[in-house]
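Biologist: I have this predicted model open and I'd like you to zoom in on one part of it. Pick a sheet, take me through it slowly, and then show me how its surroundings fit in.

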Amino acid sequence: MLDINYIREEFPITKKCFQVYGSTEPKNLIYLDHGASTHPCSTVLNKYIDFIKNYYSNVHRGKHYLSMISTELFDRVYETIFNFINASKPDNAIVLTANTTSALDMTAWLMKDHDGITLISLMEHHSNDLPHRHRGETMHFGVNKDGSLDLDDLEAKLKNNKVKLVAVTGASNVTGYINDIHKIAELAHKHGARILVDAAQLLAHRQIDVKPNDDPQHIDFLAAAGHKAYAPFGSAFLFGPRDVLDRVQPYTPGGGTVLFVSEHDYIYASSPDRHQGGTPNIAGAIALAESLNFLSKAGLDNIRQHEVELTEYALNRLKEVPEINLLGDIAAEDRLGVITFNIGELSNGLVADILNHEAAIATRNGRFCAHPYLSFLLGRDDSEQIITRLRSGEKFDIGGAVRISFGIFNTESEVDDVVENLKMIANRKWKAKYDNDAAYFDCKGVQLSAS
Ligand SMILES: Cc1ncc(COP(=O)(O)O)c(C=O)c1O
């Protein structure tokens, strides 16, 4: 069981408050935007700062103490990630990247000369869609009415096309739907394709097991980032097979990628160095490994149990909100703690604004970089018109929804607060006027922004 008091103590952000509109009392921030980025906890921050203060130095080839210590800490990062995703080493490598997007794009690059198309789910974040469109032929497979993936469509498309790669998210950043990545992997392998799992949303929420390469259900490529797993921004990774990684030219050729360079020739190193041109984010990588250790210590099963309970509680309580319309019809056990909704005809921007300014509740709104999935869930078939209007320079609201996404430190009492505020909004009882931005203040009354 998760020790929620200990966990909250670990996160300085849980103490943050803002003076909200219409009140003289500061109110505790309720942070429900973990799907976008998570705050580093103290354990991770301390490790990060300690490294920068005491060991800051470039890695590899330095014979001085700082470089040797930095190198050792950095090289251990790979080990930690391998263990965290239960990966076996000899046949695979982990390449450190800046974010999930660059890891996903790297996969598209690595696979670009393979024969066949990339099959992309309609549920994908743009970061696991657009890179593939840029690197070759693609096709989408669909989603069911409830927001889950249509695996029959996937299988039919695998049968009827030469597919080299299936690109799929481990869990949706819109509905939280958790995909059966091993079943999808088995289908992909059966038809001679590889699988790329976007684990951006999964990493901090569910135990990942990429399985051995000779298991039909194994994951070929897996991408994820620290900034959604309680590490600071700027550090992410791609896990992938050496038989692909080491046969392709470096993603970013340059310093660190070679064994030797002559005036007329060069020989590249094997992975990960091969694809890590330039100085890596050493401090960020060390912090990422520390955050994975933190998650392991808290226990992924405990974290998951807490999330399921909280999500179930929230789904039940949200039924009390008049006019609420949830996107996707998914039980708590089958989803992450991600809930996306609209309230009647109210604009998503207005709802998010009111929650922020009047209740210090941090949500995200819009289309969550998953426009095709949003269009499907909203039942809108005007995507081509939207593109035409935008191309003509027109500025307008493309619609969307509001998302709450839970992290490790959220509580039921925070859910209660959200529900009460959503009821207030549904009853059109908000206080400020929102044609201008409402003023808001931090705890000391310092004005941050004004109408
Ligand atoms: C499912 C999913 N994939 C990819 C990304 C992009 O991640 P990053 O910002 O680390 O590039 C996100 C970010 O929200 C995401 O939710």
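**A sheet and its surroundings**

Modeller: Let's start with an open sheet of four strands, ordered S13-S14-S17-S16 and paired in the antiparallel sense. At its edges stand strand S13 (324–326) and strand S16 (364–366); each has a single partner strand, so one side of each has no neighbour in the sheet. Going from one strand to the next, the twist averages 30°.

Look at the S13 end. S13 and S14 run antiparallel and are joined by three bridges. If you want a spot to click on, take Leu326, which stands opposite Phe341 in S14. Now bring in helix H11 (residues 348–359), which packs on this sheet and touches S14, S16 and strand S17 (401–405). The direction of H11 makes about 165° with that of S16.

From here it helps to step back to the whole chain. The protein chain is divided into domain 1, made of 4–40 plus 299–449, and domain 2, which covers 43–296. Their C-alpha centres lie 29 Å apart. Where they touch, 30 residues of domain 1 are in contact with 34 residues of domain 2. Our sheet has a stake in this: strand S14 (338–343) supplies at least two residues of the side of domain 1 that touches domain 2, and helix H10 (300–318) and helix H12 (371–378) each do so as well. By class, that side of domain 1 has 16 nonpolar, seven polar and seven charged residues.

Helix H10 is worth a pause, and Ile303 is a handy residue to stop at, since its place is in helix H10. Ile303 has 19 C-beta neighbours inside 10 Å; buried takes 20 or more, so Ile303 counts as partly exposed. Leaving aside neighbours within four places in sequence, the contacts of Ile303 are Leu2, His205, Leu295, Ala298 and Ile408. Follow the chain on for 83 residues and you reach Ile386, whose C-alpha is 40 Å from that of Ile303.

Then there is helix H13 (residues 383–391). Of its nine residues, the number buried is zero, so H13 lies largely in the open. Gly393 follows H13, and its phi is positive, near 95°.

Now for the other sheet I'd set beside ours. This one is open too, with seven strands in the order S4-S10-S9-S8-S7-S5-S6, and the pairing is mixed. The edge strands here are strand S4 (92–97) and strand S6 (138–141), each pairing on one side only. From strand to strand the twist averages 20°.

Zoom in on strand S5 (residues 117–121), which pairs with S6 in the parallel sense over four bridges. Two positions show the register: Leu119 has Met139 of S6 as its bridge partner, and Ser121 stands opposite Phe141 in S6. S5 also pairs with strand S7 (residues 163–169), again in the parallel sense and over four bridges. There, Ile117 has Val163 of S7 as its bridge partner. Four of the five residues of S5 are buried, so S5 is largely enclosed by the rest of the structure. Set that against H13, which lies largely in the open, with none of its nine residues buried.

Next, the ligand. Around it are 14 residues, and those that come nearest are Asn99, Thr100, Thr101, His125 and Asn173. Sorted by class, this shell has four nonpolar, nine polar and one charged residues.

One last landmark before you rotate back to where we began. Glu72 is found in helix H3 (residues 65–84). With 11 other C-beta atoms within 10 Å, Glu72 is exposed. From Glu72 to Ala185 is 113 residues along the chain, and their C-alpha atoms are separated by 35 Å.

So, back to the part you asked about: keep in mind the order S13-S14-S17-S16, helix H11 packed on the sheet, and strand S14 helping to supply the side of domain 1 that touches domain 2.

Definitions and conventions: Residues are numbered from 1 along each chain as its sequence is written. This is a predicted model: local features need pLDDT of at least 70, side-chain atom pairs count only at pLDDT 80 or more; totals for chains, interfaces and linings use all residues. A residue is buried if 20 or more other C-beta atoms lie within 10 Å of its own, exposed if 12 or fewer, and partly exposed in between; C-beta atoms are placed from the backbone. Domain bounds come from an automatic or database domain assignment. Two residues are in contact if their C-beta atoms, placed from the backbone, lie within 7 Å. Ala, Val, Leu, Ile, Met, Phe, Trp, Tyr, Cys and Pro count as nonpolar, Asp, Glu, Lys and Arg as charged, and the others, Gly among them, as polar. A residue is near a molecule or strand if its C-beta atom, placed from the backbone, lies within 6 Å of it. Two strands pair if DSSP finds at least two bridges between them. Axes are lines fitted to C-alpha atoms, for helices over the stretch in contact, and angles run from 0 to 180 degrees between N-to-C directions.
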